[in-house]
Structures are given as C-alpha cells and as structure tokens.
Amino acid sequence: MTNVGVVEKKHLFINGRDVETETYTALYSPYTGDVIAEIAMADEKLTKEAIRAAQEAFQVISKMPAFERSAILEKVVELLKERADLAAEVIARESAKPITFAKGEVSRTIETYKFAAEEAKRIHGETIPFDAAPGGVGRIGYTVRKPIGVIGAITPFNFPMNLVAHKVGPAIASGNSIVLKPASQTPLSALFIAEIFKEAGLPDGVLNVVTGSGSVVGEAIIKDDRVQMITFTGSPAVGIGIRNKAGLKKTTLELGSNAAVILDKDTNIDQVIERCILGAFSNQGQVCISLQRIYAHEEVYDQFVEKFAAAAKQLKLGDPLSPDTYISSLISKKETERAIGWIEEAKQNEAAVVAGGKLTDGILEPTVIVNVDPLLKVSCQEVFAPVVIVNKVSSVEEAIGYVNNSRYGLQAGIYTKNIDKALFASEALEVGAVMINDVPTFRVDQMPYGGVKESGTGREGIKYAVEEMTELKLVVWNRGEK
Ligand code: NAP
C-alpha cells in the first residue's frame with residue numbers, strides 16, 4: 001500500500017517472487033488524479049516466463065491432495081479477514097469505488113474464497129450404468145474430474161478483488177495453476193491477493209500476476225499453446241476478440257449487459273426504490289448487472305419516476321475514501337466524457353433528464369432519463385456509468401419484449417405479485433438469470449452466474465467455475481466376461 005508522498009513500485013509476481021521489468025507506468029487515482037503507484041509493464045518474454053512457471057507448478061498443484069488445497073484457501077480467508085480494512089482501501093484508491101462498497105467487495109471476496117475452500121473437497125464424478133447398452137454389459141466405470149492445466153485469467157477493473165477471486169479460487173480448488181492479468185487500472189488488488197496466497201503457503205508458480213497492457217500481456221497469454229483455458233471477464237468487444245484467437249482453448253467469457261427490471265402495476269413503489277437505487281448507482285453504475293433499464297407499468301410509472309428521481313438526487317457525491325460517499329468518479333475522464341455524450345444524445349432525441357445529467361466536481365451525478373427511444377445508446381448499449389432510463393409500458397408482455405430486444409442477456413428482474421406473470425417472465429426473459437421481486441443486480445458468490453447472447457458463455461460461481469476448469473475423464477473396467 002502506498003504511503004502519503006511515497007510512490008511504491010509494484011513488480012510482476014512470477015514463480016512466487018517479485019520480478020522487475022524494464023518499463024514501469026504511473027498508476028493514477030481516478031478521483032484525485034495523483035500518482036498512487038508505479039506499475040511494472042510486462043512484455044511478451046516475461047509473460048512467457050510466467051506461463052512457464054505456471055506450467056511447472058501445475059505438476060505440484062495438480063498432485064496436491066484436496067484437503068491441502070482447501071487448507072491454503074482457508075488460510076487466505078483468515079488472512080484476508082485480518083486485513084479487510086486495508087484491502088478495501090486498496091480497492092477504493094485504485095478504482096474510486098466508495099469505501100463502503102469496497103468493504104462490501106472485500107466481504108464478498110472472503111466468501112468467494114471460503115466457497116472455494118469448501119468446493120475443493122467435493123469435486124467428484126459419477127458411476128455410469130454401462131449395462132444400459134447391450135455392448136456395455138460386463139463393464140463398470142466412473143468419471144473423475146481432472147484439472148486442465150495452466151489457466152489464463154484476464155480481469156476487469158470494476159470488482160478488482162472479487163472477480164480475481166472468482167478465477168483464482170476455483171482454479172486452485174480444482175488443482176490448476178494460473179497466470180493472471182489484471183486490468184491496468186486495478187493491478188494493486190491482484191498483487192495484494194498474490195502476497196496473501198504466498199503467505200498462506202501456495203506453492204511458487206501456482207499463481208502468477210503479470211501486469212501490463214491488454215494488447216501485450218493479454219495477447220501473449222491467449223496465443224500461448226501451454227495455456228489450456230482462458231477465463232475472461234470484461235467488455236464484449238475484447239471478449240469476442242479473445243474467442244476468435246483462442247483456438248481450441250476452453251474459454252469462459254463473462255461480458256457486459258444493459259440489465260433491466262420490470263415493475264408491474266401492483267408493485268409497491270416505496271418498497272422498491274431503495275433496491276433500484278442500489279441496482280442502478282452502486283459503484284457508479286460500473287457493474288455488469290447494473291440496473292440500466294426500468295420498464296414501469298403505466299399505473300405506477302409517474303409515482304415511481306417522481307420518487308426514484310428524488311432519491312437519486314439525495315445521493316452523496318465525493319471522495320471514495322469518505323464513509324458517507326455513495327457516488328465517486330468513474331474509472332477515467334474518457335469514460336466520463338463518453339457517458340456525458342450518450343446523455344446528450346438522449347436529450348437531443350426527445351428523452352428527458354429528470355435527475356443528474358451533469359458533472360459536479362468532475363463526478364457524474366446519478367442520472368435518470370425518461371421516455372428513451374430503444375435505439376439510443378443509453379438504452380441499447382452498455383452505459384457502465386450512473387445512468388438509468390425509465391420507460392412506461394402498458395403490460396408485462398410489452399416490457400418483456402423491450403427487455404429481450406437487446407444484444408445482451410446477463411440477468412433481468414421483475415416485480416409483480418401475480419404468480420402467473422412471474423412464471424411467464426421467468427420463461428420468456430432471454431437472460432442467464434431471472435430475479436423475481438428483485439433488481440437484476442442481485443448476486444451472491446456461490447450462485448451460477450453468466451449470460452447468453454453477447455453477455456458471454458460459460459458460468460462462474462465456484463462450483464460452476466470448477467466444472468469449467470476441469471475435464472471429465474472416464475475410467476471403464478472390463479470384468480473379463482467378454
Ligand atoms: P475491458 O476493457 O474489456 O478489459 C478487461 C480486461 O481485458 C483488462 O484486463 C484489459 O487489460 C484486458 N484486455 C484489453 N484488451 C485486451 C486484448 N486485446 N487481449 C487480452 N486482454 C485484453 O473491460 P473493463 O473496462 O476493465 O471492464 C468493464 C467490462 O467488464 C464491462 O463491459 C462489464 O460489463 C464487464 N464485466 C462483466 C462481468 C461479468 O461477470 N459478466 C463482471 C464485471 C465486468 P487493460 O486494462 O490493460 O486494457
């Protein structure tokens with residue numbers, strides 16, 4: 001962690017050691033603009049060195065008994081609990097996530113590693129009824145799940161600690177080794193965790209953290225034949241590029257979305273405002289399942305818009321390290337300008353901004369836009385900023401049509417007291433998960449998580465990630481009868 005006035009140099013973490021590079025780049029605070037660290041920029045050669053270390057370490061971790069892998073993950077849980085406040089500060093400083101939310105992320109990271117520690121002990125196959133086929137009579141057999149090797153993990157900036165945990169946790173639980181490339185804006189959280197793993201007794205080379213640019217380090221990982229799987233969380237544009245280059249490597253892609261909620265006519269508006277505020281504005285809307293589109297039935301629309309806009313205007317803007325800050329800076333000025341541009345486009349096309357829409361001290365105010373054409377960017381693309389649209393609908397069916405009219409399909413929510421409509425929505429919504437009586441932003445870390453369409457392929461949530469990170473192997477015993 002950087003002390004005031006001291007800019008710490010952060011090196012690569014390869015084979016259990018800090019490795020220096022020729023080039024370092026300044027890491028700036030998105031909120032203050034100050035330099036908070038100097039970060040090593042790996043080249044292709046050093047990335048390959050990390051892959052080699054991971055390949056050698058695979059021989060160690062893949063042979064380690066489950067109880068030992070579990071114990072290392074348990075130790076990480078213990079150490080992270082002890083350092084939770086420091087971990088939250090690291091997240092807040094490098095990503096401008098308000099400290100209250102950063103603490104929430106650390107709590108979830110602890111849970112994720114705890115789930116991984118537990119999951120390490122229950123990776124198993126099944127017996128196969130061979131005599132169900134005439135040719136199988138006289139044979140018995142079973143499947144086992146084998147770790148697949150070196151896993152290349154590429155992570156985004158928005159949950160820099162917990163999304164690393166969603167890759168590192170299941171990889172180690174299932175006996176794989178990892179080369180991790182964190183987002184350039186949030187390398188400190190990943191390096192912080194790597195140190196904890198070393199202290200927890202993880203053998204050298206099992207986890208390697210290679211900082212540097214996506215186009216150099218990321219590309220080198222994707223193209224290397226020694227890497228068996230890419231697990232990527234990030235934007236659809238980068239994810240699709242990875243899929244195209246990955247060849248026969250397994251790929252898990254957790255990509256973006258423009259998540260929506262439907263408010264049916266029987267919704268108790270007072271009861272949903274707080275959830276919708278949290279869904280739309282936590283971490284400045286930089287959440288893959290951030291609530292971006294709200295379709296409210298005409299019978300509750302006016303009441304909802306009035307109360308929701310009023311609540312949005314109350315949110316406190318400020319320093320991410322201040323405990324009463326709800327909204328701070330976006331990850332970069334460029335992203336702020338992009339979001340403002342999309343809001344302007346909406347304004348010029350008959351939409352109305354009923355809250356926010358402008359900057360205060362460089363921070364984009366929580367913004368609510370109504371009457372938005374579905375073709376406008378704030379509706380049909382992923383806004384990834386504290387911007388939410390609210391449109392009026394005359395039925396749940398109409399709303400489902402709007403929700404499904406999207407390139408994305410990660411999660412969706414519906415508030416209704418009508419069980420038939422809830423069941424219909426759960427069937428008809430084209431997403432990875434449907435939340436009944438909640439916003440689409442709900443996630444706990446053991447649940448299966450992932451999307452359809454351009455929101456990605458594969459599932460995370462420790463048990464499901466373990467399935468992705470292992471191969472089924474079949475063993476068949478011929479009892480010698482024929
Ligand atoms: P991003 O720009 O796609 O970056 C993600 C990671 O990919 C970073 O580590 C980045 O490195 C790296 N990268 C960039 N170009 C690359 C290339 N050519 N080859 C390999 N790697 C490359 O995404 P972001 O802005 O950090 O994160 C926001 C996005 O993530 C949003 O779309 C959000 O919805 C999505 N997300 C999805 C989930 C989910 O679970 N579905 C969760 C969180 C976020 P650099 O930082 O060095 O460019």
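Me: How many salt bridges does the structure hold, and what makes the pair K10 and E8 one of these contacts?
Reply: This predicted model holds 25 salt bridges. The side chains of K10 and E8 meet at 3.6 Å, N to O. A salt bridge requires a Lys or Arg side-chain nitrogen within 4 Å of a carboxyl oxygen of Asp or Glu, so the contact of K10 with E8 qualifies.

Me: Why is K10 called buried?
Reply: The relative accessibility of K10 is 13%. Buried means under 20%, and K10 therefore counts as buried. Its partner E8 has 27% relative accessibility and counts as partly exposed, because that class lies between the buried limit of 20% and the exposed limit of 50%.

Me: What makes the contact of E78 and K75 a salt bridge, and where do the two residues lie?
Reply: Their side chains meet at 3.3 Å, N to O, and the cut-off is 4 Å; the pair therefore meets the definition. Both residues lie in helix α2 (residues 66–82), three residues apart, about one turn of the helix. E78, at 40% relative accessibility, counts as partly exposed, and K75, at 31%, also counts as partly exposed.

Me: Which helix holds K347 and E344, and why are they called partly exposed?
Reply: Both lie in helix α11 (residues 333–347), three residues apart, and their side chains form a salt bridge of 3.2 Å, N to O. K347 has 40% relative accessibility and E344 has 30%. Partly exposed covers the range between under 20% and over 50%, so both residues belong to that class.

Me: What makes V7 eligible for a nonpolar surface patch?
Reply: V7 has a relative accessible area of 39%, and a patch residue needs over 30% and no salt bridge. V7 therefore passes the area cut-off. V7, found in the segment before β1 (8–10), forms the patch with Y28 and V35, and together they have about 240 Å² of accessible area.

Me: How do you know that the buried residues of helix α13 lie on the same side?
Reply: The buried residues of helix α13 (residues 396–404) are V396, A399, I400, V403 and N404. They cover an arc of only 130 degrees around the axis, which puts them on the same side of α13. Elements they pack against include β19 (387–393), β21 (411–415) and α14 (419–428).

Technical notes. Residues are numbered from 1 along each chain as its sequence is written. This is a predicted model: local features need pLDDT of at least 70, side-chain atom pairs count only at pLDDT 80 or more; totals for chains, interfaces and linings use all residues. Side-chain values use heavy atoms; hydrogens and water are left out. Patches are made of residues with over 30% relative accessible area and no salt bridge: like charges are joined within 9 Å, nonpolar side chains (Val, Leu, Ile, Met, Phe, Trp, Tyr) within 5 Å. Accessible areas come from the Shrake-Rupley method with a 1.4 Å probe; for residues, only the protein chains shown count as cover. Helices (H or I, at least four residues) and strands (E, at least two) are DSSP runs, numbered from the N terminus. Buried means under 20% relative accessible area, exposed over 50%, partly exposed in between (1.4 Å probe, protein chains only). The arc is that of the directions from the helix axis to the C-beta atoms. Contact means heavy atoms within 4.5 Å.
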